[in-house]
Amino acid sequence: PDSEITPQVLDVLDGYGVKATFFVIGERATRHGPLLRDMRRRGHVIANHTFRHPGTFAAWGPIRQRREILAAQAAIADECGVEPRLFRAPMGLRNPLLDPVLAMERLSLVSWTRRGYDTVARDPDRVLARLTRGLKEGDILLLHDARWYAARTPPVLHVLPRLLETI
């Protein structure tokens with residue numbers, strides 16, 4: 001969550017009557033408890049995206065992966081009163097050792113079918129095109145509700161209303 005961007009995303013979703021799943025980084029959850037509670041109050045799902053979003057997560061063994069996941073579970077549950085049931089690996093990368101960890105913690109892995117690359121693409125039109133080209137029922141779309149560029153509006157605030165109109 002981002003204290004400036006996420007509330008705007010929530011308002012757009014509310015305006016269209018749409019619910020979303022927010023994969024939350026546990027470390028950020030500890031700084032944004034009221035925002036997580038607001039997300040939950042508005043009917044959105046809060047899910048686990050590790051505690052620190054380590055870039056090397058997919059190379060870790062199961063013990064270290066489990067510690068990272070459990071730290072996020074605890075942080076999210078402490079802040080919003082709900083323990084996540086869904087998990088997304090950082091950058092979508094994982095190894096086969098993750099499956100038993102997720103099973104042990106009763107977490108379901110969720111990835112995506114459409115990614116706008118909104119953390120690297122600065123052009124909202126390109127992000128929207130990536131998400132909508134060949135879009136079909138059941139697709140899982142990935143966008144980020146955080147500021148990735150200094151002094152710039154993140155693409156999600158331009159893309160989301162147009163995406164929801166398209167859908």
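What follows is a walk through the fold of this chain, from its overall build to a few individual residues. The model is a predicted one.

Starting with the big picture, the chain is made up of seven helices and six strands. Going along the sequence, these turn up in the order α-β-α-α-β-α-β-α-β-β-α-β-α. For 167 residues, a compact globule would come out with a radius of gyration near 15 Å, and the 16 Å found for the chain agrees with that. Laid along its principal axes, the set of C-alpha atoms fits a box of roughly 40 × 35 × 35 Å. Some 43% of the 167 residues count as buried. Of the contacts with a separation of 6 or more, 67% are between residues 24 or more positions apart.

As for the surface, about 8,700 Å² of the chain is accessible, and carbon and sulfur atoms take up 52% of that area. The chain carries 25 positive and 19 negative charges, and the mean positions of the two sets sit 4 Å apart.

Helix α4 covers residues 62–80. Its 19 residues should span 27 Å at 1.5 Å a residue, and the distance between its end C-alpha atoms, 27 Å, agrees. Quite a list of α4 residues is buried: Gln-65, Glu-68, Ile-69, Ala-72, Gln-73, Ala-75, Ile-76 and Cys-80. The partners that these buried residues pack against include three strands, β1 (21–24), β2 (45–48) and β3 (86–87). On the helical side, they also pack against α2, α3 (33–41) and α5 (98–104). Right after α4 comes Gly-81, with a positive phi near 80°.

One of the helices packed against α4 is α2, which runs over residues 26–29 and holds Arg-28. Arg-28 counts as partly exposed because its relative accessibility is 24%, given that buried means under 20%. Beyond its neighbours within four places in sequence, Arg-28 touches Pro-1 and Asp-2. Ala-58 is another matter: Arg-28 and Ala-58 are 30 residues apart along the chain, and their C-alpha atoms are separated by 20 Å.

Helix α7 takes in residues 155–166. With twelve residues at 1.5 Å each, α7 should span 16 Å, and its end C-alpha atoms are indeed 16 Å apart, which agrees. The buried residues here are Pro-155, Val-156, Leu-157, Val-159, Leu-160, Leu-163 and Leu-164. They pack against two helices, α1 (5–16) and α6, and against strand β6 (141–142).

That leaves a couple of backbone oddities in the loops. Most residues other than glycine have a negative phi. Arg-106, though not a glycine, has a positive phi of about 55°. Arg-106 sits in the loop that joins α5 to β4 (108–109), and it counts as exposed, with a relative accessibility of 67%. Tyr-117 is likewise a residue other than glycine with a positive phi, near 55°. The loop that holds Tyr-117 runs between β5 (114–115) and α6 (124–132). At 38% relative accessibility, Tyr-117 counts as partly exposed.

Notes. Residues are numbered from 1 along each chain as its sequence is written. This is a predicted model: local features need pLDDT of at least 70, side-chain atom pairs count only at pLDDT 80 or more; totals for chains, interfaces and linings use all residues. Side-chain values use heavy atoms; hydrogens and water are left out. Helices (H or I, at least four residues) and strands (E, at least two) are DSSP runs, numbered from the N terminus. The radius of gyration is taken over C-alpha atoms; the globule rule is 2.2 Å times the number of residues to the power 0.38. Buried means under 20% relative accessible area, exposed over 50%, partly exposed in between (1.4 Å probe, protein chains only). Contact means heavy atoms within 4.5 Å. Accessible areas come from the Shrake-Rupley method with a 1.4 Å probe; for residues, only the protein chains shown count as cover. Lys and Arg count as positive and Asp and Glu as negative; His and the chain ends are not counted. The place of a charge is taken as NZ of Lys, CZ of Arg, CG of Asp or CD of Glu. The expected span of a helix is 1.5 Å times one less than its number of residues.
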